[in-house]
Amino acid sequence: KEGHTFAGWNTASDGGGTDYAVGATLNMGAANVTLYAQWTENPTYTMTYNGNGSTGGSVPVDSEAYEAGETVSVLEKGTLVKASHTFVGWNTASDGGGTDYAAGATLTM
């Protein structure tokens, strides 16, 4: 199930029955048993851009939610401007001491 991780089996579709892990033993009675897959939603993360002292324009907005391990494309600067400065890319720290990313580069969330 996209965006989810398999969490095991349950005797009720809403997960309110008996849980069974993969490889667990189930004792069969005298009736049919239906097991329902149970899923856990994968956590997602967002990419936020900060103008970091820009004097005009607006930062690009990435409205996607990304799962860990997913490839993310770094956006262009949008309409950002900063008087007497040239945009050279993005960094994970406001002081530039983090990891540099050029617009159009990719990173792994």
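Here is a chat between a biologist and a modeller about the predicted model above.

Biologist: Which ground rules apply to numbering, pLDDT and side-chain values?
Modeller: Residues count from 1 along each chain as its sequence is written, and side-chain values use heavy atoms, with hydrogens and water left out. As this is a predicted model, local features need pLDDT of at least 70 and side-chain atom pairs count only at pLDDT 80 or more, while totals for chains, interfaces and linings use all residues.

Biologist: In what order do the three strands of the open sheet come?
Modeller: Strands here are DSSP runs of E with at least two residues, numbered from the N terminus, and two of them pair if DSSP finds at least two bridges between them. β1 (residues 4–10) and β3 (residues 36–41) pair antiparallel over six bridges, and two bridges join β1 to β2 (residues 19–20), also antiparallel. The edge strands, each pairing on one side only, are β2 and β3. That gives the order β2-β1-β3.

Biologist: Which residue in β3 stands opposite phenylalanine 6, and which one in β2 stands opposite asparagine 10?
Modeller: Take β2 to begin with: asparagine 10 stands opposite aspartate 19 there. Over in β3, the residue facing phenylalanine 6 is tryptophan 39.

Biologist: Is glutamine 38 buried or exposed?
Modeller: Glutamine 38 sits in strand β3. Leaving out residues up to four places away in sequence, glutamine 38 touches a string of residues including Thr5, Trp9, Ala12 and Gly15; contact means heavy atoms within 4.5 Å. Buried means under 20% relative accessible area, exposed over 50% and partly exposed in between, with a 1.4 Å probe and protein chains only. At 15%, glutamine 38 is therefore buried.

Biologist: What about aspartate 14, buried or exposed?
Modeller: Aspartate 14 is in the loop between β1 and β2, and is among the residues glutamine 38 touches. Its relative accessible area is 66%, so aspartate 14 is exposed.

Biologist: How far apart are the C-alpha atoms of asparagine 42 and phenylalanine 6?
Modeller: Asparagine 42 lies in the loop between β3 and β4 and is buried because its relative accessible area is 16%. Beyond four places in sequence, asparagine 42 touches Gly3, His4, Thr5 and Glu67. Phenylalanine 6 is 36 residues away in sequence, and the C-alpha to C-alpha distance is 9.9 Å.

Biologist: What is the volume of the largest pocket?
Modeller: A pocket is found on a 1 Å grid over the protein atoms alone, as an open set of points where a 1.4 Å probe fits, with protein on both sides within 12 Å along at least five of seven lines; lining residues have an atom within 4 Å of a point. Points are joined across faces, edges and corners, and the volume is the space filled by probe spheres set on them. For the largest pocket, that comes to about 730 Å³.

Biologist: Which residues are closest to the centre of that pocket?
Modeller: The lining has 27 residues, divided into twelve nonpolar, twelve polar and three charged. β7 (90–91) and β8 (100–101) each supply at least two of them. The closest to the centre are Asn50, Asn52, Gly89, Trp90 and Asn91.

Biologist: What is phi of asparagine 52?
Modeller: Asparagine 52 is in the loop between β4 (44–45) and β5 (66–67), and counts as partly exposed because its relative accessibility is 41%. Its phi is positive although the residue is not a glycine, at a value near 45°.

Biologist: And serine 84, what is its phi?
Modeller: Serine 84 is found in the loop between β6 and β7. With a relative accessible area of 81%, serine 84 counts as exposed. This is another positive phi in a residue that is not a glycine, about 65°.

Biologist: Which residues make up the largest nonpolar core?
Modeller: A nonpolar core is a set of buried Ala, Val, Leu, Ile, Met, Phe, Trp, Tyr and Cys residues joined through side-chain atoms within 4.5 Å. Tyrosine 49 is one of the eight here, and its contacts beyond four places in sequence include Val74 and Trp90. The full set is Met47, Tyr49, Tyr66, Val72, Val74, Leu80, Trp90 and Leu107.

Definitions and conventions:
Helices (H or I, at least four residues) and strands (E, at least two) are DSSP runs, numbered from the N terminus. Ala, Val, Leu, Ile, Met, Phe, Trp, Tyr, Cys and Pro count as nonpolar, Asp, Glu, Lys and Arg as charged, and the others, Gly among them, as polar.
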